[in-house]
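Reader: I would like a close look at one part of this model. Please start from the predictor's confidence and work outward from there.

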Amino acid sequence: MNNPQPMLAPVIALVAWTAVMWGWMYATRIPAILRLRIRLDGNLPRGEQMATLPPRVRWKADNYNHLFEQPLLFYATALSLALLGDASAASLALAWGYVALRIVHSLWQALVNRIPVRFALFLLSSLVLFALVARAALRTLASPPIQANLVTQSQALRQGLSAVG
């Protein structure tokens with residue numbers, strides 16, 4: 001089995017980008033709430049108060065929420081490929097391509113938010129993700145059961161440790 005760590009890098013990169021968007025969301029939202037003197041009321045319907053914020057403030061929160069939608073499929077797919085030992089150039093290119101497109105999508109939505117371009121970015125990132133999913137499906141069908149891989153890895157590790165000791 002190949003070293004799966006290269007496939008984990010784009011996963012961590014997208015998680016880190018989500019954290020950046022979280023910070024950007026609150027860095028714009030809190031000052032806007034204070035400036036507009038919005039009294040937060042938990043009894044109001046979800047989103048009603050935030051809808052009163054300026055669009056450029058809301059766009060960051062909208063994108064932050066989007067990063068918990070389709071990217072979940074990316075995380076599941078990339079982690080599956082890592083477990084299967086796929087660190088191929090094609091899978092890594094697709095994974096990094098997806099992450100790059102999601103970051104561009106975030107920046108576009110947070111700063112400009114012209115929907116036709118945003119949709120094109122979303123569509124392109126979706127196609128890249130679906131290609132990655134197809135690779136994972138093919139890899140899953142062609143691979144021995146993961147349990148057998150884990151047993152083989154465990155045996156190799158024990159042999160390596162006994163050779164050292």
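Within the protein chain, which helix has the highest confidence and which the lowest? Please describe the one with the highest in detail, with its surroundings.

Author: Confidence is highest in helix 4, at a mean pLDDT of 98, and lowest in helix 6 (residues 146–164), at 60. pLDDT is the predictor's confidence in each residue, on a scale from 0 to 100. Over the protein chain it averages 89, and 84% of the residues score at least 70. Where pLDDT is low, the predicted coordinates should not be read in detail.

This is a predicted model, in which local features need pLDDT of at least 70 and side-chain atom pairs pLDDT 80 or more, while totals for chains, interfaces and linings use all residues. Residues are numbered from 1 along each chain as its sequence is written, and side-chain values use heavy atoms, without hydrogens or water.

The protein chain contains 6 helices and 0 strands (DSSP runs numbered from the N terminus: H or I of at least four residues for a helix, E of at least two for a strand). Its pattern along the sequence is α-α-α-α-α-α. Of its 165 residues, 34% are buried (under 20% relative accessible area with a 1.4 Å probe on protein chains only; exposed is over 50%, partly exposed in between). Among contacts (heavy atoms within 4.5 Å) between residues at least 6 apart in sequence, 80% join residues at least 24 apart.

Helix 4 (89–111) has 23 residues and reaches 32 Å between its first and last C-alpha, close to the expected 33 Å (1.5 Å times one less than the number of residues). Its buried residues are S91, L92, L94, A95, Y98, V99, L101, R102, H105, S106, Q109 and A110. They pack against helix 1 (5–36), helix 2, helix 3 and helix 5.

The two ends of helix 4 can be taken in turn. Before it, A87 sits in the loop that joins helix 3 to helix 4. A87 has 22% relative accessibility, so it counts as partly exposed. The C-alpha atoms of A87 and P6 are 6.0 Å apart, although 81 residues separate the two in sequence. At the other end, N113 follows just after helix 4 and takes a positive phi of about 60°.

Helix 5 (residues 115–142) is one of the packing partners of helix 4. Its end C-alpha atoms lie 40 Å apart, which agrees with the 40 Å that its 28 residues should span at 1.5 Å a residue. Buried in helix 5 are R118, L121, S125, S126, V128, L129, L132 and A136, and these pack against helix 2, helix 3 and helix 4.

Helix 3 (71–83) thus packs with the buried residues of helix 5 as well as with those of helix 4. Two of its residues illustrate its contacts. T77, in helix 3, has a relative accessible area of 9% and is therefore buried. Leaving out residues up to four places away in sequence, T77 touches L132, V133 and A136; of these, L132 and A136 are among the buried residues of helix 5. L79 also lies in helix 3, but at a relative accessible area of 39% this residue is partly exposed. Beyond neighbours within four places in sequence, L79 is in contact with L8 and V11. L79 and Q5 are 74 residues apart in sequence, with 9.9 Å between their C-alpha atoms.
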